[in-house]
Amino acid sequence: MSPEEKLKIEEKIVMMLKTVFDPEIPVDIYNLGLIYAIDLDDDGNLRIDMTLTAPNCPAADFLVDDARIKLESIDGIKSVDIRIVFEPEWTKDMMTEEARLDLGFL
């Protein structure tokens with residue numbers, strides 16, 4: 001995979017992550033700051049490290065499944081591995097300015 005192809009796929013990954021919403025929060029998981037790492041290797045294997053707003057989030061399975069299904073639909077991606085991590089602990093400061101504005105934190 002060329003660097004240009006990889007960049008285009010990574011842009012699609014971010015766009016797709018922005019379509020995954022926590023059912024309890026009207027902001028996508030990318031702008032919420034839940035995505036800690038996006039790693040796409042040259043063979044098309046994607047690894048995402050993400051967290052949750054709370055360790056016992058009832059929507060965890062839904063979020064992971066929704067993200068995986070959407071990411072697997074991107075041409076050029078062969079496999080998707082989404083890992084839930086809790087280090088560092090998520091805080092409201094990790095949200096984008098847009099997300100904070102949407103949720104009334106600005």
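Tutor: Let's start with a word we'll need: a residue is called buried when its relative accessible area is under 20%, and exposed when that area is over 50%. Bear in mind that this is a predicted model.

Student: Okay, which residues of α2 are buried?

Tutor: In α2 (residues 60-72), the buried ones are A60, L63, V64, D66, A67 and L71.

Student: What makes them a single side of α2?

Tutor: The arc they cover around the axis is only 165°, which puts them on the same side of the helix. Across on the other side, D61 and I69 are exposed, meaning over 50% relative accessible area.

Student: And what do the buried residues of α2 pack against?

Tutor: Their partners are α1, β2 and β3. The helix itself lies across β2 and β3, at about 155° to β3.

Student: How do you know that the span of α2 agrees with its 13 residues?

Tutor: Set one value against the other: 18 Å should be the span at 1.5 Å a residue, and the end C-alpha atoms are 18 Å apart, so the two agree.

Student: What about α1, how far does it reach from its first C-alpha to its last?

Tutor: With 15 residues, α1 reaches 21 Å, close to the expected 21 Å.

Student: Why do we say that the buried residues of α1 line one face?

Tutor: The buried set is I9, I13, V14 and L17. Looking down the axis, they fall within an arc of 145°, so one face of the helix is what they line. As a general point, an α-helix has 3.6 residues a turn, so residues three or four places apart point the same way. The face turned away from the buried side carries exposed E4, K8 and M15.

Student: How are α1 and α2 arranged when they pack?

Tutor: Their angle is about 145° and their axes are 10 Å apart. α1 passes α2 in a right-handed crossing. The contact comes from I13, M16 and L17 on α1, with A67, K70 and L71 on α2.

Student: Now the sheet. What makes β1 and β3 edge strands?

Tutor: The strand order is β1-β2-β3 in an open sheet with mixed pairing. β1 (35-40) and β3 (79-84) each pair on one side only, and that makes them the edges. On average, neighbouring strands are turned by 15° against each other, direction ignored.

Student: How do you know that β1 and β2 pair?

Tutor: Pairing takes at least two bridges, and β1 and β2 have 5, in the antiparallel sense, so they pass. Within that pair, I38 stands opposite I48 of β2. Their hairpin has 4 residues between the strands, and there G44 takes a positive phi near 90°.

Student: One last thing: why is A59 called buried?

Tutor: Its relative accessible area is 6%, and the cut-off is under 20%, so A59 qualifies. You'll find A59 in the loop between β2 and α2.

Student: Which residues is A59 in contact with, leaving aside its neighbours within four places in sequence?

Tutor: D22 and P23. A59 and D22 are 37 residues apart along the chain, yet 6.8 Å separates their C-alpha atoms.

Technical notes. Residues numbered from 1 in each chain as written. Predicted model: local features only at pLDDT ≥ 70, side-chain atom pairs only at ≥ 80, totals over all residues. Heavy atoms only, no water. Helix = DSSP H or I, 4+ residues; strand = E, 2+ residues; numbered from the N terminus. Axes fitted to C-alpha atoms, helices over the stretch in contact; angles between N-to-C directions. Contact = heavy atoms within 4.5 Å. Expected span 1.5 Å × (residues − 1). Buried < 20%, exposed > 50% of the residue type's maximum accessible area, 1.4 Å probe, protein only. Arc of directions from axis to C-beta. Left-handed = near helix turned anticlockwise from the far one by under 90°.
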